[in-house]
Amino acid sequence: AKLRPHGALLVGVELGGTPLDSFEHPDRCVYVLGAEDHGLPRHVREACHHIITIPATRHDSFNVAVAGSLVMYDRMRKRGVVALLPDVGWSAY
């Protein structure tokens, strides 16, 4: 926690937190993702200001690269930087 940028909140990505779709991303934050097999260490989790969870349908969790990508996409989408793709249906593929 001592190495985070001044004023940035720590946001842990872990099972059992606030669902990503209802989370309001802080303006300044550092996202902390744990190991795929054990998650965040307890002392890191306790240092986080927020814990968020990415809902999954087939598995309990995503690998760390996918989880990070989903969190960043959600952040940018909610800020209006990323436009949602139109629903073109499977027949387009």
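This report covers the pockets, three residues of strand and helix, and the cysteines of a predicted model.

**Pockets**

Two pockets are compared below.

| Pocket | Volume | Lining by class |
|---|---|---|
| Largest pocket | about 290 Å³ | 9 nonpolar, 5 polar and 3 charged residues |
| Second largest pocket | about 190 Å³ | 4 nonpolar, no polar and 3 charged residues |

The largest pocket has 17 lining residues. Nearest its centre lie V13, E14, L15, S61 and F62. Three elements each supply at least two residues of this lining: strand β1, strand β3 (50-53) and helix α2 (64-78). Strand β1 gives the most, with 3 residues.

The second largest pocket is lined by L20, D21, I54, L70, Y73, D74 and R77. No polar residue appears in that lining, while 3 charged ones do. The charged ones are D21, D74 and R77, because Asp and Arg count as charged. Y73 falls on the nonpolar side, because Tyr counts as nonpolar in this scheme.

**A67 in helix α2**

Is A67 buried or exposed? A67 has 7% relative accessibility, so it counts as buried. The residue sits in helix α2, an element that also supplies at least two residues of the largest pocket's lining.

Which residues does A67 touch, leaving aside its neighbours within four places in sequence? The contacts are L33, I54 and F62. Two of these names recur in the pockets. F62 is among the residues nearest the centre of the largest pocket. I54 belongs to the lining of the second largest pocket.

V13 is another residue to set beside A67. The two are 54 residues apart in sequence, yet their C-alpha atoms are 7.9 Å apart in space. V13 is also among the residues nearest the centre of the largest pocket.

**L9 in strand β1**

L9 lies in strand β1, which runs over residues 9-19. Its relative accessibility is 27%, so L9 counts as partly exposed. In sequence, L9 and R28 are 19 residues apart. In space, they are 6.4 Å apart, C-alpha to C-alpha.

**Cysteines**

Where do the cysteines C29 and C48 stand, buried or exposed? C29 has a relative accessible area of 18%, so it is buried. C48 has 13%, so it is buried too. The cut-off for buried is under 20%.

How many disulfides are there? The count comes to 0. A disulfide is a covalent bond between the sulfur atoms of two cysteines. Here the rule asks for a pair of cysteine sulfur atoms within 2.5 Å.

Technical notes
Residues numbered from 1 in each chain as written. Predicted model: local features only at pLDDT ≥ 70, side-chain atom pairs only at ≥ 80, totals over all residues. Heavy atoms only, no water. Helix = DSSP H or I, 4+ residues; strand = E, 2+ residues; numbered from the N terminus. Buried < 20%, exposed > 50% of the residue type's maximum accessible area, 1.4 Å probe, protein only. 1 Å grid on protein atoms, 1.4 Å probe; cavity = no way out; pocket = protein on both sides within 12 Å on 5 of 7 lines; lining within 4 Å. Points joined across faces, edges and corners; volume = space filled by probe spheres on them. Contact = heavy atoms within 4.5 Å.
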